[in-house]
Amino acid sequence: CPLVAAQCRRGFAGETPVTISAERLEQFLESEITTFALRQPEPVKISQILQKPGRSVLKDMAEIVHQEIPVRFAARIKQLETLPGWDEIQEIAEIRNVFATSFKSIRMVRPDSPDFIQVIKDLKERHALVVPTLAMGVRHLLSQHPNDLSEDFANDLLNRFFFSRIGTEMLTSQFLALHHSPTGIVDRNCDPVRVCELAAKSAQ
């Protein structure tokens, strides 16, 4: 149900739906961000991605995305909130809002809902400019705190942030691709060695 509604009814299988105000719902979802940030992401095995094509694969992938993406997004939100004066840097505050919005949108829909695929599509579009926006925000952060933060700190922050992004991008892309291809983004005929050789040659 939309977060902008005056009231919102949220219920799951076996539970009695409870009607609460939009303001109370927002407070609850913000507290969930803190709770989820304390959890450890579950590693996704390649065997889970390379299951035999079938309806259960899409269902399983939806459940993985629904379970794991909020944990990873919550961790990134809290990572941003540890930066000094993060809320005074427009780009960093914007990125925090992007991840919070996506976290809440996933938490407000079931993985077996027909709306789940649109939630993920909207998420992908919302996050399209995260990389350049965050890079610019970190640059501004360094300029405002030259004595407190170093280039090494900034590089480590960006490396950890973007490394985590690779995982979430893979999960959401695979989920969406499974709606059009039985193997999703996976090319079972791919030769990793050949790909690395071509990449090395291209970089020379």
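**Group meeting talk: helices, core and ring pairs in a predicted model**

Let me begin with helix H4, which is mostly covered, since 13 of its 18 residues are buried. Before I go on, please keep in mind that what we are looking at is a predicted model. The length of H4 can be checked against its residue count: at 1.5 Å a residue, the 18 residues should span 26 Å, and the end C-alpha atoms are 26 Å apart, which agrees.

Stepping back to the whole chain, the protein has eight helices and two strands, and if you read along the sequence the pattern is β-β-α-α-α-α-α-α-α-α. Of the 204 residues, 36% count as buried, and the chain exposes about 12200 Å², of which carbon and sulfur atoms supply 55%. If we take the contacts with a separation of 6 or more, 68% of them are between residues 24 or more positions apart.

Now to the interior. As a general remark, nonpolar side chains in soluble globular proteins tend to be buried together. In this model the largest nonpolar core has 43 residues, and those with the most contacts inside it are Val65, Phe116 and Phe175. The elements that give two or more residues to this core are H1 (22-37), H3 (55-81), H4 (90-107), H5 (116-126), H6 (130-144) and H7 (151-177). Of these, H3 gives the most, with 11 residues.

What does Phe175 touch, once we leave aside its neighbours within four places in sequence? Phe175 is in contact with Leu58, Met61, Ala62, Val65, Phe116, Ile117 and Ile120, and that list includes Val65 and Phe116, which are named with Phe175 as having the most contacts inside the core.

Let me turn to the aromatic rings. A search of the whole structure finds five aromatic pairs. For Phe73 and Phe99, the ring centres are 5.0 Å apart and the planes are at 85 degrees, so this pair is edge-to-face. Phe73 lies in H3 and Phe99 in H4, so the pair ties together parts that are 26 residues apart in sequence. Are these two residues buried or exposed? Phe73 is buried, with a relative accessible area of 2%, and Phe99 also counts as buried, at 0% relative accessibility. Ring pairs link Phe73 and Phe99 with Phe161 and Phe162 into a cluster.

Phe161 comes up again when we look at Gln79, whose place is in helix H3. Gln79 counts as buried, at 14% relative accessibility, and, with neighbours within four places in sequence left aside, Gln79 is in contact with Leu157, Arg160 and Phe161.

Next, helix H6 and what follows it. At 1.5 Å a residue, the 15 residues of H6 should span 21 Å, and the end C-alpha atoms are 21 Å apart, which agrees. Which residues of H6 are buried? They are Val130, Thr133, Leu134, Gly137, Val138, Leu141 and Leu142. It may help to recall that an α-helix has 3.6 residues a turn, so residues three or four places apart point the same way.

In the loop between H6 and H7 we find His145, which is buried, with a relative accessible area of 18%. The C-alpha atoms of His145 and Pro84 are separated by 8.2 Å, although the two residues are 61 residues apart along the chain. Beyond that loop, Phe153 lies in helix H7 and counts as partly exposed, at 32% relative accessibility. The C-alpha atoms of Phe153 and Leu142, which are 11 residues apart along the chain, are separated by 9.5 Å.

Finally, the cysteines, which I expect some of you will want to ask about. How many disulfides does the structure hold? The structure holds zero disulfides. Cys190 is in no disulfide, and the nearest cysteine sulfur, that of Cys196, is 8.8 Å away. The converse holds for Cys196, whose nearest cysteine sulfur is that of Cys190, at 8.8 Å. Why does this pair not count as a disulfide? The two sulfur atoms would have to lie within 2.5 Å, and the sulfur of Cys196 is 8.8 Å from that of Cys190. As for their surroundings, Cys190 is partly exposed, with a relative accessible area of 39%, whereas Cys196 is exposed, with a relative accessible area of 54%.

Conventions:
Residues are numbered from 1 along each chain as its sequence is written. This is a predicted model: local features need pLDDT of at least 70, side-chain atom pairs count only at pLDDT 80 or more; totals for chains, interfaces and linings use all residues. Side-chain values use heavy atoms; hydrogens and water are left out. Buried means under 20% relative accessible area, exposed over 50%, partly exposed in between (1.4 Å probe, protein chains only). Helices (H or I, at least four residues) and strands (E, at least two) are DSSP runs, numbered from the N terminus. Contact means heavy atoms within 4.5 Å. Accessible areas come from the Shrake-Rupley method with a 1.4 Å probe; for residues, only the protein chains shown count as cover. A nonpolar core is a set of buried Ala, Val, Leu, Ile, Met, Phe, Trp, Tyr and Cys residues joined through side-chain atoms within 4.5 Å. The expected span of a helix is 1.5 Å times one less than its number of residues. Rings of Phe, Tyr and Trp (its six-membered ring) pair if their centres lie within 6.5 Å; planes under 30 degrees apart count as stacked, over 60 as edge-to-face and the rest as tilted.
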